[in-house]
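Here are my notes after going through the model. I've kept them as numbered points so you can follow along with the structure open.

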Amino acid sequence: MKPSPRLKVVEIDCFEQPFKLRMPFRFGVITVTHGLQAFARVRIRLDDGREGDGFAAEALGAKWFDKNPALSDAENVEQLRKSIEIAAAGYRAAPPLTAFDLFAEHYREQLDAGADVGLLPLVASYGPALLDRAVLDALCRLEGVSFWTAMRANLPGMRPHAIAPDLAGFDFGGFLAGLEPSATIEARHTVGLVDPIVAADQPPGTRVDDGLPETLEEVVATYGNRFFKLKVSGRIDADLERLIRIAGVIDTIREPVQISLDGNEQYEDVESIAALWEAMESEPALQRLCASTLFIEQPIKRQMALAHSVQPLARFRPVIIDESDGELDAFVRARALGYGGVSSKDCKGFYKSIVNLARCRLWNAESEGGGFFMSGEDLTTQAGLAVQQDLALVALLGLTDVERNGHHFIDGFAGRPLAESLAFLEAHPDLYHEEDRRVRLTIEHGRIALGSLECPGFGSAVVPDLSTTERMPKADWPPQR
């Protein structure tokens with residue numbers, strides 16, 4: 001196997017695009033109606049003198065990375081801009097390195113610099129998560145290979161490193177070569193806390209009527225979903241009542257269904273969420289829903305999530321970390337407390353996802369019936385670059401399903417140039433279709449086809465048209481109070 005190429009980051013430019021949600025989306029402590037999508041363009045130079053650009057996109061999500069109620073949504077966005085600025089400065093100043101070493105050698109520096117200006121590790125990791133994808137996209141395009149081919153050949157140069165001491169001696173080359181990307185994947189539909197379940201939940205005059213499904217009942221009829229992610233609020237009585245109503249729709253599906261519960265840190269402690277589960281099991285109307293639930297995602301506030309054992313809940317269903325996955329060793333610490341899994345999200349970094357998959361493989365091999373696993377989760381990834389890069393990653397990880405909600409809450413390319421959306425449609429006809437003069441994600445029988453992601457670049461044959469996209473302003477962080 002030839003050595004992984006070294007690269008020098010020559011230039012980094014960042015942009016952002018506003019978008020509006022077609023329906024409000026409530027999760028945790030926030031109801032989202034609009035937002036911003038960040039774009040990064042990174043130019044790299046290889047040792048042989050070749051230069052090329054790579055791209056990445058990700059939502060600038062408020063009240064997920066840092067849920068401090070004292071911070072406004074606008075301040076949350078400024079935090080993420082600051083994270084990008086810190087990462088960009090470090091990457092520009094770096095000497096020629098492999099793509100992985102560019103990430104690994106700056107990992108601790110990035111978190112320390114973030115901490116110096118009050119950024120939590122999850123926030124500080126956002127900047128490298130965005131830029132690392134753009135760097136690898138540029139490298140893949142220069143080498144004329146897809147993300148899947150690049151990773152299986154270890155083009156980034158992943159290796160044992162001090163940032164993950166538990167994997168000292170791990171054979172990353174052999175591990176990556178053995179990965180088999182999925183050809184299709186099940187879309188796990190998110191049911192937010194204010195989503196209508198049936199048409200009767202929508203008062204007169206409140207329908208969007210844009211041709212897309214609005215209620216859970218309509219989603220099932222339109223897309224054929226069989227996998228669902230159900231948000232719970234932290235209030236047992238309200239959660240029970242809503243789950244019973246959701247079950248009324250899910251129980252009409254003839255095929256087997258699979259479900260995850262997402263607490264979004266709304267429960268104070270493990271005993272409270274365990275009490276919800278026991279109440280669910282005692283409710284006759286929730287028998288199929290309970291039997292179909294595979295795992296429970298981050299139900300406990302992150303301040304307490306890694307402080308106590310979750311065995312009182314894990315004895316019912318496996319529990320995974322999501323918001324608590326701030327540092328690279330978070331899954332290791334969570335394992336010791338009884339957690340069985342961890343989420344993959346592009347916004348947390350694709351190298352982190354691959355490192356955590358390596359841990360799952362290693363731990364499961366060490367103990368029969370270990371059952372450690374990863375899940376694919378969404379941060380409202382939008383049509384185009386963002387959703388395709390995330391789909392390319394979860395396919396590489398071999399996941400059978402992934403939470404997808406961007407297509408439900410955001411109509412198509414949401415304000416991006418028409419020519420760009422049509423270019424994506426032409427290059428990725430298995431992923432998109434045209435309807436009502438809009439290009440939209442295709443989900444048939446609950447599944448998304450992934451074949452066209454096998455193209456030069458990180459999951460996309462198309463680069464975004466940034467000619468009319470506003471440049472990202474300098475971060476106003478930390479705030480002057």
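1. Let's start with the largest pocket. Strands β1 (7–27) and β2 (30–46) and helix α1 (73–93) each give at least two residues to its lining. Keep in mind that this is a predicted model.

2. Which element supplies the largest share of that lining? That would be β2, with 7 residues. The lining of the largest pocket has 23 residues in all, and V32, H34, G35, L60 and A62 are the ones nearest the pocket's centre.

3. As for volume, the largest pocket comes to about 420 Å³. By chemistry, its lining splits into 14 nonpolar residues, 6 polar and 3 charged.

4. Next, have a look at the second largest pocket, which holds about 230 Å³ of space. It is lined by 12 residues, with K67, N68, E265, R302 and Q303 closest to its centre. Here the lining divides into 6 charged residues, 3 polar and 3 nonpolar. Set that beside the largest pocket, where 14 lining residues are nonpolar and 3 are charged.

5. Now the interior. The largest nonpolar core has 154 residues, and the members that touch the most others are F147, M280, I354 and Y432. Helix α4 (residues 126–143) makes the largest contribution to this core, with 10 residues.

6. What does I354 touch, once neighbours within four places in sequence are set aside? Its contacts are M151, M158, F175 and L176, along with L393, L396 and L397. There is also a second core, separate from the big one: it has 7 residues, including F15, F55, A57 and A386.

7. Y432 is worth another look, as one of the core residues with the most contacts to other members. Strand β12 covers residues 432–435, and it pairs with strand β13 (residues 438–441). How do the two strands run, parallel or antiparallel? The pairing is antiparallel, over 4 bridges.

8. For the register of that pair, H433 is bridged to R440 in β13, and E434 has V439 as its bridge partner. In a regular strand, side chains point to the two faces of the sheet in alternation.

9. Last, the turn. β12 and β13 make a hairpin with 2 residues between the strands. One residue to check there is D436, which sits in the turn and has a positive phi of about 55°.

Notes: Residues are numbered from 1 along each chain as its sequence is written. This is a predicted model: local features need pLDDT of at least 70, side-chain atom pairs count only at pLDDT 80 or more; totals for chains, interfaces and linings use all residues. Side-chain values use heavy atoms; hydrogens and water are left out. A nonpolar core is a set of buried Ala, Val, Leu, Ile, Met, Phe, Trp, Tyr and Cys residues joined through side-chain atoms within 4.5 Å. Buried means under 20% relative accessible area, exposed over 50%, partly exposed in between (1.4 Å probe, protein chains only). Contact means heavy atoms within 4.5 Å. Two strands pair if DSSP finds at least two bridges between them. On a 1 Å grid over the protein atoms alone, a cavity is a set of points where a 1.4 Å probe fits but cannot get out, and a pocket is an open set with protein on both sides within 12 Å along at least five of seven lines; lining residues have an atom within 4 Å of a point. Grid points are joined across faces, edges and corners, and a volume is the space filled by probe spheres set on the points. Ala, Val, Leu, Ile, Met, Phe, Trp, Tyr, Cys and Pro count as nonpolar, Asp, Glu, Lys and Arg as charged, and the others, Gly among them, as polar.
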